[in-house]
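Here are a few exercises to work through with the model open in your viewer. Try each task yourself before reading the solution.

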Amino acid sequence: MDTTPQATREPDLGDDPTAAGALGAAPAAAPSGSGHRSGSGGARGASGPGGAGGSGPLGFIVDPALDAQRRRDLRQMRLVATGLLVLAAIVYVLTRGHDEGLLGFVNAGAEASMVGACADWFAVTAIFRHPLGLPIPHTALIPRKKEMIGRSLEEFVSENFMREDIIRERVLDAEPTRRAAEWALAPGHAKRLVDEVATVTVHALHRIPDEDVRAVIEQAVLPRLAQEPISSLAGGLLDQVVRDEAHVGLVDLALDEFRVWLVDNEDLFESLITQRAPAWVPDAINDLVARKIHVEALKWLADIRNDPRHDVRLALDKLLIDLADDLQHDPVTQAKAERLKERVLAHPQVADTAMSLWASFRAVVIAALEDEGGPVRTRAVREVTALAERLLADEPLRQRIDARICDATIYAVDRYGTELTRIISDTVDRWDGKETAERVELQVGRDLQFIRINGTLVGGLIGMLIHAVSIVLPS
């Protein structure tokens with residue numbers, strides 16, 4: 001007999017038409033040694049009466065109300081299938097011995113209906129358990145073969161969903177770039193996207209501990225910088241900066257600041273000049289000379305500032321180019337640069353300075369992102385909208401982006417697809433065999449009862465056909 005407890009399995013009068021009474025007398029609880037079985041039955045109602053559902057001990061999603069409806073539907077279909085079998089048996093008994101005429105056809109059809117009904121009952125039952133509890137070979141397929149089923153599902157998903165041509169076709173048909181652009185252009189969506197990204201970024205910045213940042217700086221960044229030669233890199237960068245004239249703005253800024261200082265500190269500048277004048281020179285002459293030098297200094301700075309080809313600028317450019325060349329090719333200059341780098345990195349204030357820069361950067365970013373009406377979010381919304389409009393208007397660009405999405409998806413599937421599909425077989429392996437069979441039967445058992453019904457009806461028709469053929473053929 002099937003020892004599945006009633007807590008997890010409804011009485012199945014249709015499973016054994018010849019032993020309905022015995023099934024009705026089955027024990028109401030499993031033996032104490034099968035506590036996990038009774039526990040799984042209890043898990044189905046873990047949410048309580050009227051609950052919204054929960055998760056069983058094996059990870060099955062359990063909805064008590066929905067499961068109850070499924071049990072009722074399954075029970076009704078079993079009663080229908082079993083009722084047809086009982087009806088065929090009654091008709092067979094009543095027409096037994098009548099081999100001639102219409103009753104002969106009815107008797108033959110009833111007999112064949114019983115055979116078909118019993119055969120299909122056996123087939124349906126064998127999927128989930130041993131019929132009549134007997135260990136007949138090739139029965140209880142799901143409990144015994146669940147590992148093979150899991151591997152088959154894994155192979156099916158891998159072969160039919162993880163193929164490059166299928167993935168590329170599905171992604172291109174979905175047109176993700178166009179859909180994303182249309183979504184972003186819908187009213188309020190661009191702002192919603194920016195708000196969500198800003199909120200997540202702010203939370204992430206708040207949750208980064210300062211100790212972790214300092215540890216990264218002290219244990220990873222600074223030691224790495226100390227090991228890496230910096231002279232050649234600095235020389236190449238400096239050479240490119242000078243050739244691109246990217247330093248011109250900095251030179252202009254320095255000249256402007258120096259000129260402002262001279263204007264604001266005229267007395268200080270003149271006093272520095274007069275202090276270095278010979279003692280025998282009269283004060284009036286010293287003051288006149290100092291004022292003249294101040295005026296000429298301002299004029300000289302203005303000439304440098306206004307003339308991009310001034311001799312001072314050209315001399316500074318040559319100095320920087322020579323320094324860049326020495327940093328890349330002169331061993332002496334390179335050694336000096338490396339020693340300077342080591343002294344700077346070894347200073348204890350470097351880590352504190354880096355942490356101060358990090359704290360300032362984080363505070364500025366957080367403040368900018370938290371301001372809902374601020375320029376950062378407003379500009380971000382405009383950029384998202386502009387990008388979405390461009391994507392909708394530029395079909396070749398959409399196609400290129402979709403192609404890149406395809407490539408990225410295929411790469412991820414090629415690299416991690418095996419791990420993803422293996423989740424199926426690993427999950428099925430962890431399931432209990434009987435519990436799996438019960439859950440599957442609850443999902444599809446009602447539809448499988450139609451096999452029994454069809455077997456009864458088709459068997460009866462075939463029985464009458466065979467009876468007709470036996471009458472026609474000579475004995």
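**Exercise 1. Cysteines**

Sort Cys-118 and Cys-406 by burial, then say how many disulfides the structure holds.

*Solution.* Keep in mind that this is a predicted model.
- Step 1: Take Cys-118 and look up its relative accessibility, 34%. Buried needs a value under 20% and exposed one over 50%, so Cys-118 goes down as partly exposed.
- Step 2: Cys-406 sits at 0%, so this one is buried.
- Step 3: Now recall what you're hunting for: a covalent bond between the sulfur atoms of two cysteines. The search used a sulfur-to-sulfur cut-off of 2.5 Å. Run over the whole structure, it turns up zero disulfides.

**Exercise 2. Salt bridges along a helix**

Find out how Arg-70 and Asp-67 are paired, and where the two residues sit.

*Solution.*
- Step 1: Check the distance. The closest N and O atoms of Arg-70 and Asp-67 are 3.5 Å apart, and the cut-off is 4 Å, so the pair is a salt bridge.
- Step 2: Place them. Both belong to helix H3 (residues 64–95), and because they are three residues apart there, about one helical turn separates them.
- Step 3: Compare burial. Arg-70 is partly exposed at 24% relative accessibility, while Asp-67 is buried at 1%.

Now try a second pair: how are Lys-292 and Glu-296 placed in helix H13?

- Step 1: These two form a salt bridge as well, with 3.2 Å between the closest N and O atoms.
- Step 2: In helix H13 (residues 283–306) they are four residues apart, which puts about one helical turn between them.
- Step 3: Glu-296 has a relative accessible area of 35%, so call it partly exposed.
- Step 4: Look beyond pairs, too. Asp-252, Asp-256, Arg-305 and Arg-313 are joined into one network by salt bridges that share partners.

For the whole model, the salt-bridge count is 24.

**Exercise 3. A long-range link**

Which parts of the chain does the pair Glu-441 and Arg-129 link?

*Solution.*
- Step 1: The side chains of Glu-441 and Arg-129 meet in a salt bridge, at 2.4 Å from N to O.
- Step 2: The pair ties together distant parts of the chain, 312 residues apart: Glu-441 is in helix H19 (residues 433–472), and Arg-129 is in the loop between helix H4 (101–128) and helix H5 (141–161).
- Step 3: Is the pair buried or exposed? Glu-441 comes out at 6% relative accessibility, so buried, and Arg-129 at 7% is buried too.

**Exercise 4. A threonine in the loop**

Describe the surroundings of Thr-139.

*Solution.*
- Step 1: Thr-139 is located in the loop between H4 and H5.
- Step 2: With 1% relative accessibility, Thr-139 counts as buried.
- Step 3: A polar atom of the Thr-139 side chain lies 2.5 Å from the backbone oxygen of Ile-136.
- Step 4: Skip neighbours within four places in sequence, and the contacts of Thr-139 are Phe-122, Ala-126, Arg-129, His-130, Pro-131, Leu-134 and Arg-144.

**Exercise 5. A nonpolar patch**

Which residues make the nonpolar surface patch of about 350 Å²?

*Solution.*
- Step 1: The members are Phe-258, Trp-261, Leu-268 and Leu-272.
- Step 2: Assign them to helices. Helix H11 (248–264) and helix H12 (266–275) each contribute at least two residues of the patch.
- Step 3: Take one member, Leu-268, which lies in helix H12. Its relative accessibility is 41%, so Leu-268 is partly exposed.

How values were computed
Residues are numbered from 1 along each chain as its sequence is written. This is a predicted model: local features need pLDDT of at least 70, side-chain atom pairs count only at pLDDT 80 or more; totals for chains, interfaces and linings use all residues. Side-chain values use heavy atoms; hydrogens and water are left out. Buried means under 20% relative accessible area, exposed over 50%, partly exposed in between (1.4 Å probe, protein chains only). Patches are made of residues with over 30% relative accessible area and no salt bridge: like charges are joined within 9 Å, nonpolar side chains (Val, Leu, Ile, Met, Phe, Trp, Tyr) within 5 Å. Accessible areas come from the Shrake-Rupley method with a 1.4 Å probe; for residues, only the protein chains shown count as cover. A polar contact is a pair of N or O atoms within 3.5 Å; within protein, one must be able to donate a hydrogen and the other to accept it, and residues adjacent in sequence count only if both atoms are side-chain atoms. Contact means heavy atoms within 4.5 Å.
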